[in-house]
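User: I am new to reading protein models. Could you take me through this one and show how each label is earned?

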Amino acid sequence: MITNIKMKKLVMWVGLLLIVALTALSIVGAFLGTERAKELFNSPALVFFWVAITVLLTGGMLVFGRLRQKAGLLLIHAGCVLVLVGGMYSSQASHQLLREYFGSAGVPHGYMAIFEGQSENRIMAIEQINVMFRNLKKQRRTSPDDQPYLQKLPFRMRLNDFRIEYYENRGKLLIYAQKKPIGQMKALVGEEFDMGPELPRIRILRTFRNFRINIKNGKRQVSDDIGKGENPALEVEISRPDGKTEKKYIFERFPDFNVLGDGQLQMRYVLMPKDYFSDLEVEDGEDGQAGTLKTIEVNKPLHYGGYYFYQSDYDHESGQYTILSVRSDTGLIVVFAGYFLLCAGVFWHFWFRNIIAGRACGPRND
Amino acid sequence: MAIKWTIQGCLIYAAMAAYGLAFVSIVWRRHKTGTLVYQTGFMITVVAFIYRWVHVGHVPMQNLFEVFLTMGMLIYPLSVFSRRRLRVGVEPADMLIGIVLLFPAGFVFDAAPQQLPPALQCFLFAPHVAVYVIAYVIMAKATVQAIYQLSRPAGPKGTHLVDYEQATYRMICLGFPLMTLGLIFGSWWGHLAWGDYWGWDPKELWSLASWLVYLAYFHFRYMYGRKHARLNSIWAIAGMAAIMITLLWVNLSRLFGGLHNYAT
């Protein structure tokens, strides 16, 4: 018969081995890369591993009276159990099981592409989004309504506006000769770049936040439209070695347009984005009536109807649509409750109880 | 490797020189001079840190240059705190740690100021990086204590100081909660920025591995106490090795592509 002491030693050894095994798996996962690591840690074999750790932590709290008596240690171990349970609950496999047996859970993760002025309720895989835009570009007859999707939400998300904010005076004009970078200059009015006697000299004449072109009386007129929209551009003067000069417009969003002459010289206007904004409106209810209004940006998602909506990508050419990353909030509260307990536990155990007792940090062997 | 002929660079070199001079003074038993020069070195790093902050317009913890500069500044307050509150000594080694931490900032990493990309404009940016930076400096000091334990098991000469094994333990007890907080802040930030509180990114996995090594250290030490003091020290050194990989290799090597690439 196993004595209590032997049992405790066994539990400690198994615990230590599981910690070492998880360390080794983390290192292997890091070498595999994000996607393969995700597959590894969500594989059926690893489910047993996660369950084993959770059971051992719970068992440890029952076997070791010390873990129950010391508030810090109890919080640390209970916190770890919650993080593991929450992690398993929020996983892809858990969502699948909940859908199959209870028909309750939606997809754990997907994307939503919404054009300005339109609303959408379909969550798609990123591959499905890519196919949809490829089809739209090729003008195929496939209607966006016919596109396959992962799930439909019970409410619609409307995009009122998408915009990008750039750092001021931080733009650059990159210059390439035969596709090789030969130099760069600050995108400021009056800046010049001289490439030597055999190549043209470049000078920036004007910067545009929202470049527009109008034809009036048969004449072309360019302007910086202060209204809605973004089309950053530069007006540059190119002075050729033979004395000829010409004006060119370099667009941040259309790098293919910026080829000069016979294609030997290319320019790219690069701006440093400060933030991306999507003005969203939730259309909930039977009549699709307007509901919550929220501007989402990087680090500021929208939480609605059991999902988080994140700014993920956008229309790089004309800024007419946004792509939102959509994540289910299933299990999230459990994970964060675990984080809170874990954090409270480590600080109490290693810092605060010693400060209160007037001892140095961790003077005992615990 | 390049010398930085800038005000920023000169401040870093001056701080390194002060730390070096302080080390020499202490070795030559000029304790008062050594302490004074060590304090001067610290003041120079504070000036360098503030200068950088003003220059870039945000908390200087965005890239490896700024992180190492910050760590070089933290070593002196840690030395003082460790001796007074934890009775952990070996200040000359701390001075050398200061030089080692400032060296990459002075000679290796690019100091060109960078704007914060959208993902880094978050209220968690400064706390997440700051707690990790402080934790890493503490763990570096813990590692020195562990190395001393392996090479000089007799312990320090000063009677008011604890022995090296106990010193390693105390330093790890001080740093471990900060590493935990850093991991949780990172996860919270991941949830806000990418929609994933855990993304299995190489940097995340190496951070977890570092945390787990110290967790294993605590469990091993709980099981055997100080019976296997050398093994306790080896756990502590292994933790530092994992931290160095997390901080340097993951950011600098193309082997580990991931969401934290901008940290280079």
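Analyst: Gladly. This is a predicted model. Start with strand 10 and strand 11 of chain A: they run antiparallel and are joined by seven bridges.

User: What makes strand 10 and strand 11 of chain A a pair?

Analyst: Pairing needs at least two bridges. Strand 10 and strand 11 of chain A have seven bridges, so they count as a pair. One contact point to look for is A:Glu235, which stands opposite A:Tyr249 in strand 11. The two strands form a hairpin, with five residues between them. In the turn, A:Gly243 has a positive phi of about 100 degrees.

User: Which strand pairs with strand 10 of chain A over seven bridges, apart from strand 11?

Analyst: Strand 7 (residues 201-208) of chain A does, again in the antiparallel sense. Here A:Phe208 stands opposite A:Ala233 in strand 10.

User: Why are strand 6 and strand 11 of chain A said to stand at the edges?

Analyst: Look at the order first. The sheet is open, with four strands in the order 6-7-10-11 and antiparallel pairing. Strand 6 (192-194) and strand 11 (245-251) each have a single partner strand, so one side of each is left without a neighbour in the sheet. From one strand to the next, the twist averages 25 degrees.

User: How do you know that strand 10 of chain A is mostly covered?

Analyst: Seven of its seven residues are buried. A:Ala233, A:Glu235, A:Glu237 and A:Ser239 point one way, while A:Leu234, A:Val236 and A:Ile238 point the other way.

User: Why is A:Cys343 called buried?

Analyst: The cut-off is under 20% relative accessible area. A:Cys343 has 13%, so the label fits. B:Cys173 is buried too, at 0%.

User: How do you know that A:Cys343 is in no disulfide?

Analyst: The two sulfur atoms would have to lie within 2.5 Å. The nearest cysteine sulfur, that of A:Cys80, is 12 Å away. The count over all chains comes to zero disulfides.

User: How do you know that the span of helix 2 of chain B agrees with its number of residues?

Analyst: Helix 2 (residues 31-56) has 26 residues, and at 1.5 Å a residue they should span 38 Å. The end C-alpha atoms are 37 Å apart, which agrees. Its buried residues, including B:Gly34, B:Tyr38 and B:Phe49, pack against helix 1 (7-27), helix 3 (64-86) and helix 4 (91-108) of chain B. Just after helix 2, B:Gly57 takes a positive phi of about 80 degrees.

User: What confidence does the predictor give?

Analyst: Chain B has a mean pLDDT of 91, and 95% of its residues reach 70 or more. The complex gets an ipTM of 0.92 and a pTM of 0.88.

Conventions
Residues are numbered from 1 along each chain as its sequence is written. Chains are lettered from A and ligands numbered from 1 in the order in which they are written. This is a predicted model: local features need pLDDT of at least 70, side-chain atom pairs count only at pLDDT 80 or more; totals for chains, interfaces and linings use all residues. Side-chain values use heavy atoms; hydrogens and water are left out. The expected span of a helix is 1.5 Å times one less than its number of residues. Buried means under 20% relative accessible area, exposed over 50%, partly exposed in between (1.4 Å probe, protein chains only). Contact means heavy atoms within 4.5 Å. Axes are lines fitted to C-alpha atoms, for helices over the stretch in contact, and angles run from 0 to 180 degrees between N-to-C directions. pLDDT is the predictor's confidence in each residue, from 0 to 100.
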